[in-house]
Amino acid sequence: MRKDITIGAETRSGRGKNEARRLRASGSTPGVLYGVSETSVALAVNPKEIGRILGSKTGHNTIFNLAVTAGENTPVMIVDWQSDPVKDTLLHVDLKRIDLTKRIIVKIPVHTHGEPTGVKLQGGLHEVISREIEIECLPDDIPEEFSVDVTGLALNQSIRAGAIPLSGSMKLVSPAEAVISHVVLLKAEVVETPAEGEVVAGATPAEPEVIKKGKKEEEGAADDKKKPAAEEKEKKKK
């Protein structure tokens with residue numbers, strides 16, 4: 001989205017790590033301006049001004065004017081930036097010139113609102129799968145966001161990217177079947193019962209049947225040996 005904002009920038013001749021450190025120490029942030037068949041220009045910008053744009057609703061999709069000292073004044077967008085992971089300070093920014101008469105591809109946030117019927121009445125769970133879609137449009141038609149009402153979403157129903165209404169010069173770039181959100185059934189906890197013959201971890205395995213059978217056979221053989229001796233004793237008694 002285009003905003004009536006102008007940020008100043010200064011050209012810089014030096015490049016490299018030492019020059020970047022010097023700029024940051026002086027309160028500026030190194031950057032590069034490129035695009036629209038023009039040569040790239042090394043710049044020094046105010047990190048606070050860039051930070052305010054990145055923190056706005058339109059974020060890096062904001063189109064604003066960049067006024068370069070003793071140079072051009074052109075509409076631009078922030079296409080890339082680097083921040084210190086600890087101090088969260090801006091280390092570098094890439095700016096791209098924008099031709100307001102040509103279509104560009106941008107990613108737009110998608111927000112859902114409302115309580116789905118599938119959650120309220122059917123005990124389902126509402127899951128957000130994608131929080132943005134990609135569209136192509138003229139720079140002046142870039143929206144801040146898309147808002148989707150999910151109140152009528154029943155169990156096992158979904159909202160897809162193709163269902164989001166577009167206006168003006170907007171054209172969907174993301175796959176139309178891409179799921180934005182859906183309502184699914186809560187998964188119940190399943191307790192697995194071991195199949196017949198399956199050994200459960202930690203359990204003491206049963207003694208094989210063949211061993212039990214062998215023991216019975218040995219005991220039977222011993223009894224057979226004892227019978228003749230007993231009969232012989234009975235004869236002697238008589």
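A pocket, on a 1 Å grid over the protein atoms alone, is an open set of points with protein on both sides within 12 Å along at least five of seven lines, and its lining residues have an atom within 4 Å of a point. A volume is the space filled by probe spheres set on the points, which are joined across faces, edges and corners. The model is predicted, so local features need pLDDT of at least 70 and side-chain atom pairs count only at pLDDT 80 or more, while totals for chains, interfaces and linings use all residues. Residues are numbered from 1 along each chain as its sequence is written, and side-chain values use heavy atoms, with hydrogens and water left out.

**Exercise 1.** Characterise the second largest pocket by volume, lining and residue class.

*Solution.*
- Step 1: the volume of the second largest pocket is about 160 Å³.
- Step 2: its lining includes Lys 57, His 60, Asn 61, Lys 107 and Glu 132. Strand β7 gives the most, with three residues.
- Step 3: the lining holds one nonpolar, five polar and five charged residues. Here Ala, Val, Leu, Ile, Met, Phe, Trp, Tyr, Cys and Pro count as nonpolar, Asp, Glu, Lys and Arg as charged, and the others, Gly among them, as polar.

**Exercise 2.** Repeat the analysis for the largest pocket.

*Solution.*
- Step 1: about 220 Å³ of space lies in the largest pocket.
- Step 2: two or more lining residues come from each of β5 (73-83) and β7. The largest share, four residues, belongs to β7.
- Step 3: by class, seven lining residues are nonpolar, two polar and three charged.
- Step 4: His 60, Asn 61 and Lys 107 are among the residues that line the largest pocket.

**Exercise 3.** Place β7 in its sheet.

*Solution.*
- Step 1: the protein has four helices and 13 strands, taken as DSSP runs numbered from the N terminus (helices H or I, at least four residues; strands E, at least two).
- Step 2: an open sheet of four strands, with mixed pairing, runs β10-β7-β9-β12. Two strands pair if DSSP finds at least two bridges between them.
- Step 3: β10 (146-149) and β12 (171-172) each have a single partner strand, so one side of each lacks a neighbour in the sheet.
- Step 4: β7 (residues 104-113) pairs with β10 in the parallel sense over four bridges. Thr 112 has Val 148 in β10 as its bridge partner.

**Exercise 4.** Locate and classify Gly 16.

*Solution.*
- Step 1: Gly 16 lies in the loop between β1 (2-11) and α1 (17-25).
- Step 2: Gly 16 counts as partly exposed because its relative accessibility is 45%; buried means under 20%, exposed over 50%, and partly exposed in between (1.4 Å probe, protein chains only).

Definitions and conventions: 1 Å grid on protein atoms, 1.4 Å probe; cavity = no way out; pocket = protein on both sides within 12 Å on 5 of 7 lines; lining within 4 Å.
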